[in-house]
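Student: Could you take me on a close look at one part of this structure? I would like to see how a pair of neighbouring helices meet, and then what surrounds them.

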Amino acid sequence: MTEPSARPAGPGSGQQPQEADRLRDILRTPRYLKVLAFAAFTGVPVSLMAFWFLVGLHELERVLWADLPHGLGWEDPPWWWPFPLLLLAGTVVGLVAAHLPGAGGHVPAAGLHTGGTSPVTLPGVLLAAAASLPFGAVLGPEAPLIALGGGLALLFHDLTRAPATPQSNALLGAAGAAAAIAAIFGNPLVAAVLLIEVAGVGGPQLFAVMLPALLSSGVGALVFTGFGRWTGLQTGSLGLELPTPLPRLDAADVLWTLPIALVLALLLHPVLTAARRVAAYVAGGVLRRTVLCAVAAASCAALYALITGRTPADVALSGQTALGRLAADPHAWGVGALVAVLLLKGTAYALCLGSLRGGPVFPALFLGTAAGVLLAPLPGLGLVPAMTAGMAAATAATLRLPVSSVVLVVLLLGGSAMMPLAILAAVIAFITTELLPTGTAPPPAPRAEHAQADADRPEPV
């Protein structure tokens with residue numbers, strides 16, 4: 001007797017039934033169902049750890065940049081305030097990168113990654129992030145959160161002594177990362193979409209990876225939201241309060257979106273190229289050069305404060321708090337302040353991307369919003385459409401994740417009225433960035449001098 005043939009694909013259906021059969025077979029596998037159950041369980045402790053990690057960062061930032069200056073008699077931090085904070089940040093990150101396993105996480109100039117974090121590297125990742133973000137690094141918390149979630153998920157899996165395979169490690173790493181990243185964006189959908197593009201997989205493998213991630217991020221979002229309301233503590237999750245309701249789009253808004261997205265992609269390209277060169281420079285002498293780059297970023301914030309008379313925190317830090325202020329009251333920023341913050345925060349952004357530890361999302365959102373506010377007075381262009389085009393173009397050009405950029409911007413705006421502009425801006429910026437020469441290869445993650453990587457733990461797909 002001959003072996004049974006594969007299920008017929010059906011006329012005119014190509015390979016689709018075969019792909020559907022593969023996905024169905026995956027979903028029926030007992031091992032995969034166990035992974036789904038463990039992903040749902042993982043979302044609870046990971047979200048709680050992410051909650052307290054973000055609370056700690058938020059509270060420390062408030063103490064360093066608000067409470068301490070006020071206690072010393074200043075309404076805002078003085079112009080020199082970033083120097084001692086970023087000097088300390090550069091020193092700690094340099095020591096972590098040189099001596100601890102995992103080197104404090106990957107260099108943010110290389111972009112977002114879902115893999116490469118094992119439980120043994122978590123202390124270095126958390127220490128480097130805690131030294132960078134509240135002390136003034138122009139970076140966001142999303143990369144450390146991805147590492148935290150993925151590393152904790154694998155740690156919990158190891159503690160249960162469950163059989164480990166490359167596939168299960170990949171799925172659990174993605175699930176933990178999704179649960180943690182959902183915390184800062186306040187929405188599990190953003191986490192799932194972001195990991196779809198970061199993971200870079202397709203077909204049945206895409207659904208197999210994303211189902212645990214979506215399930216874990218949903219459970220984590222429920223726990224995270226409820227726990228935050230119960231404690232009354234804040235994590236600084238991203239959100240915008242616009243001064244006007246979302247308007248109706250017109251032809252001028254659409255036409256202005258095209259050059260705005262193109263120009264922002266062209267302007268951000270040298271920023272990212274410079275960040276990769278900074279990362280290559282820092283790799284030649286981690287401690288000393290990390291400190292040097294951190295002090296240079298502090299100089300940008302201090303120069304901005306001297307020129308504009310505003311707080312140096314506009315340039316330092318991730319821009320998350322400043323983004324909320326800018327969106328709520330854009331008229332409080334003059335043209336000179338907007339130009340200065342774009343130039344100096346962009347420079348500090350490149351320096352921090354190549355030297356300190358954090359993520360690229362929040363500063364890109366702020367730079368895009370500032371550019372939109374600056375260009376809003378163009379004939380026929382409204383404030384909200386200009387901000388939408390700026391945010392979508394800046395995030396797509398920086399992250400090279402166009403779908404995630406659109407979803408993030410639409411959720412930030414609180415409605416879908418601006419979605420066509422966000423899509424148009426993200427696609428134009430993404431294509432422009434992809435067509436431009438890269439210049440310098442993305443830097444590899446630095447290795448600690450006496451760190452042993454978890455060699456037999458495969459990197460999540």
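Tutor: Happily; we will start with the whole chain, go to one helix pair, and then visit some loops and a last helix.

Please keep in mind that this is a predicted model. The chain has 461 residues, and 52% of them count as buried. Its secondary structure consists of 16 helices and zero strands. Among contacts between residues at least 6 apart in sequence, 81% join residues at least 24 apart, so keep the sequence numbers in view as we go along.

How far can we trust the picture? The mean pLDDT of the chain is 81, and 75% of its residues reach 70 or more. Two stretches call for care. Over residues 1–13 pLDDT stays under 50, and the model has six contacts beyond four places in sequence for them. Over residues 448–461 pLDDT also stays under 50, and here the model has 34 such contacts. Where pLDDT is low, the predicted coordinates should not be read in detail.

Now for the pair you asked about. Find helix α9, residues 251–283, and helix α10, residues 286–308. Their axes come within 7 Å and cross at roughly 140 degrees. Angles over 145 degrees would count as roughly antiparallel, so α9 and α10 are oblique to each other. On the α9 side, the contact is made by Val278, Tyr281, Val282 and Ala283. On the α10 side, the partners are Val286, Arg289, Thr290, Leu292 and Cys293. By class, this contact has seven nonpolar residues, one polar residue and one charged residue.

Let us stay with Cys293, which is part of that contact on the α10 side. A disulfide is a covalent bond between the sulfur atoms of two cysteines. How many disulfides does the model have? The count comes to zero. Cys293 is in no disulfide, and the nearest cysteine sulfur, that of Cys352, is 8.7 Å away. The cut-off for a disulfide is sulfur atoms within 2.5 Å. Cys293 has a relative accessibility of 6%, so this cysteine counts as buried. Cys300 can be described in a similar way: it is in no disulfide, and its nearest cysteine sulfur, that of Cys352, lies 8.5 Å away. Cys300 also counts as buried, because its relative accessibility is 8%.

If you follow the chain on from α10, you come to the loop between α10 and α11 (320–328), where Leu317 has its place. Most residues other than glycine have a negative phi. Leu317 has a positive phi, near 70 degrees, although this residue is not a glycine. With a relative accessible area of 6%, Leu317 is buried.

Pro312 gives us a link to another part of the chain. Pro78 and Pro312 are 234 residues apart in sequence, yet 7.4 Å separates their C-alpha atoms in space. Where does Pro78 sit? Pro78 is found in the loop between α2 (30–71) and α3 (82–99). Its relative accessible area is 12%, and under 20% counts as buried, so Pro78 is buried.

Beyond α3 comes another loop, the one between α3 and α4, which holds Ala103. Ala103 is not a glycine, but it has a positive phi of about 55 degrees. At 1% relative accessibility, Ala103 counts as buried. Ser118 is found in the loop between α3 and α4 (122–132) too, and at 5% relative accessibility Ser118 counts as buried. Ser118 also pairs up in space with Leu154: the two are 36 residues apart in sequence and 7.0 Å apart from C-alpha to C-alpha.

For the last stop, look at the loop between α14 (383–399) and α15, where Leu401 lies. Leu401 counts as buried, because its relative accessibility is 9%. The C-alpha atoms of Leu401 and Leu194 are separated by 7.6 Å, while the two residues are 207 apart along the chain. Helix α15 itself covers residues 402–413 and includes Ser405. Is Ser405 buried or exposed? At 1% relative accessibility, Ser405 counts as buried. Leaving out residues up to four places away in sequence, Ser405 touches Ala392, Thr395 and Ala396.

Conventions. Residues are numbered from 1 along each chain as its sequence is written. This is a predicted model: local features need pLDDT of at least 70, side-chain atom pairs count only at pLDDT 80 or more; totals for chains, interfaces and linings use all residues. Side-chain values use heavy atoms; hydrogens and water are left out. Helices (H or I, at least four residues) and strands (E, at least two) are DSSP runs, numbered from the N terminus. Buried means under 20% relative accessible area, exposed over 50%, partly exposed in between (1.4 Å probe, protein chains only). Axes are lines fitted to C-alpha atoms, for helices over the stretch in contact, and angles run from 0 to 180 degrees between N-to-C directions. Angles under 35 degrees count as roughly parallel, over 145 as roughly antiparallel, 65 to 115 as roughly perpendicular and the rest as oblique. Contact means heavy atoms within 4.5 Å. Ala, Val, Leu, Ile, Met, Phe, Trp, Tyr, Cys and Pro count as nonpolar, Asp, Glu, Lys and Arg as charged, and the others, Gly among them, as polar. pLDDT is the predictor's confidence in each residue, from 0 to 100.
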